[in-house]
Amino acid sequence: MMKSMKRYVSLCVIVVMLIAAVSGCAQRTGGGNGNIRIFFSLNKMDTFRGTLVDAAAERAAQVGAQFVMEDAEGSIERQVEQIKRAAAEKYDVIICSVVSVDTVVQLKMCAEDIPIVFVNSCPDEKYLQSGKYVFVGSSEQVAGEFQAEYVLGKLAGSQEINVALLKGPSNHSATKGRTNGVKRALEQSGKQIHYVFEDTANWDTAQAQKLFELFLRTGSAVDCVVCNNDAMALGVVDACKKNGISIPILGVDATADGCEAIRNGDMAFTVYQSGSGQGHTAVDAAVQLAGNGDVKELEGSSEDGKYVWVDFERVDSSNVSQYGK
């Protein structure tokens, strides 16, 4: 499935370049004429990021921009080389989903004077600059807060709550934001929160299943499982089914598989993160920066011009029919 996804995305990129080549007089979102050349360095392809890339490619075609995407496949070294090559080939603007937020300073140096739109994984604010280095994505802490709200509502009659928590990669901003958001909201509830299990499953379904099966062997009581994404939540679903256990399982992203699990009653809750919204908005931000503008006119932009926020949305059995299609 992953290979076919990569072939599909590559085909989309080729189509976008062909469309852009014959639309040189297209009007740019940021004003002015001529083609803008956008290079997108992706940290690692998965279902959500495939949606993001496809949306970015679609938006680039709409505004007459040339668009090239390369997958760093989780390699910091490969991403550094990609950014260096984009600078050498004098792209107008770079969109970057960073492999590690710890490399942002290095990536900015490699890009030389080219502006960068960071997408999905957010650098520290001190590395952002209005009109030059901006972030497009969703406020990850909100996703965690939404999960905590669901848990507190579902288990409103319990003064003590035993929580299992499965996290993404430790160096990813989404992991930090979602984890901090859910913990802070739970702990501010006045209830006694016990984290009976907490580990990293790196967004991976199989790894999450294995880890949670090991936890279940301890026989420890658990009231709910909060996961930083749907893929890990689905791994927990498999582990629970295998062991005949039914507890609320929560994820983030509202992927097609995650929403199907909610419809089937296997998952309780997820948070919709708009991959298409982030992809479209990243290109709009890129066009603005390439035209020596800023992002303050874009919907969801912060007053300081460093961020463009794409809202999260709550998803449960009451509204899941609207998502995951």
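1. At the start of helix H2, a side-chain oxygen of Asp46 comes to within 3.2 Å of the backbone nitrogen of Phe48. The model in which this contact appears is a predicted one. Helix H2 covers residues 47-62, and its 16 residues should span 22 Å at 1.5 Å a residue; the end C-alpha atoms lie 23 Å apart, which agrees. Many residues of H2 are buried, including Phe48, Leu52, Val53, Ala56, Arg59 and Ala60. An α-helix has 3.6 residues a turn, so residues three or four places apart point the same way. Just after H2, Gly64 adopts a positive phi of about 75 degrees.

2. The chain as a whole may be considered next. Its secondary structure amounts to 10 helices and 12 strands. Of the 325 residues in the protein chain, 55% are buried. When contacts between residues at least 6 apart in sequence are considered, 69% of them join residues at least 24 apart.

3. Strand E4, residues 116-119, deserves attention for its side chains. Ile116 and Phe118 point one way from the strand, while Val117 and Val119 point the other way, and all are buried. On one hand, E4 pairs with strand E3 (residues 93-96) in the parallel sense over 3 bridges, and Cys96 stands opposite Phe118. On the other, E4 pairs with strand E5 (residues 133-137), again in the parallel sense, over 4 bridges; here Val136 is the bridge partner of Val119.

4. How are E3 and E4 related to helix H4? Together with helix H4 (residues 104-110), strands E3 and E4 make a right-handed β-α-β unit. Glu112 is placed in the loop between H4 and E4. The phi of Glu112 is near 60 degrees, a positive value in a residue other than glycine. Most residues other than glycine have a negative phi. Glu112 has a relative accessible area of 55%, and because the cut-off for exposed is over 50%, Glu112 counts as exposed.

5. Within strand E4, Val117 is a useful residue to examine. Is Val117 buried or exposed? Its relative accessible area is 0%, so Val117 is buried. Leaving aside residues up to four places away in sequence, Val117 touches Ile94, Ile95, Cys96, Val134, Val136, Ala282, Ala285, Ala286 and Leu289. Val117 and Phe135 are 18 residues apart in sequence, yet their C-alpha atoms are 5.7 Å apart in space.

6. Helix H10 runs over residues 275-290. From its first C-alpha to its last, this helix of 16 residues reaches 22 Å, close to the 22 Å expected at 1.5 Å a residue. H10 is mostly covered, with 14 of its 16 residues buried. Just after H10, Asn292 takes a positive phi of about 60 degrees.

7. A further group of 4 strands forms an open sheet in the order E7-E6-E8-E9, with parallel pairing. Why is one side of E7 and of E9 left without a neighbour in the sheet? Strand E7 (192-200) and strand E9 (249-250) stand at the edges and each has a single partner strand, so one side of each has no neighbour there. Helix H5 (residues 140-154) packs on the sheet, where H5 touches E6, E8 and E9. The direction of H5 makes about 170 degrees with that of E8.

8. Inside this sheet, strand E6 (residues 160-167) and strand E8 (residues 224-227) run parallel and are joined by 4 bridges. Leu166 stands opposite Cys227 in E8.

9. Trp203 lies in the loop between E7 and helix H7 (205-216). Although Trp203 is not a glycine, its phi is positive, at about 70 degrees. The relative accessibility of Trp203 is 14%, and because buried means under 20%, Trp203 counts as buried.

10. The final point concerns Asn319, which is found in the segment after strand E12 (313-315). What does the side chain of Asn319 reach? At 2.9 Å, the side chain of Asn319 reaches the backbone oxygen of Arg314. Asn319 is buried, with a relative accessible area of 15%.

Definitions and conventions. Residues numbered from 1 in each chain as written. Predicted model: local features only at pLDDT ≥ 70, side-chain atom pairs only at ≥ 80, totals over all residues. Heavy atoms only, no water. Buried < 20%, exposed > 50% of the residue type's maximum accessible area, 1.4 Å probe, protein only. Helix = DSSP H or I, 4+ residues; strand = E, 2+ residues; numbered from the N terminus. Pairing = 2+ DSSP bridges. Right-handed = clockwise from strand over helix to strand, strands pointing away. Contact = heavy atoms within 4.5 Å. Axes fitted to C-alpha atoms, helices over the stretch in contact; angles between N-to-C directions. Expected span 1.5 Å × (residues − 1). Polar contact = N/O pair within 3.5 Å; in protein donor to acceptor, adjacent residues only side chain to side chain.
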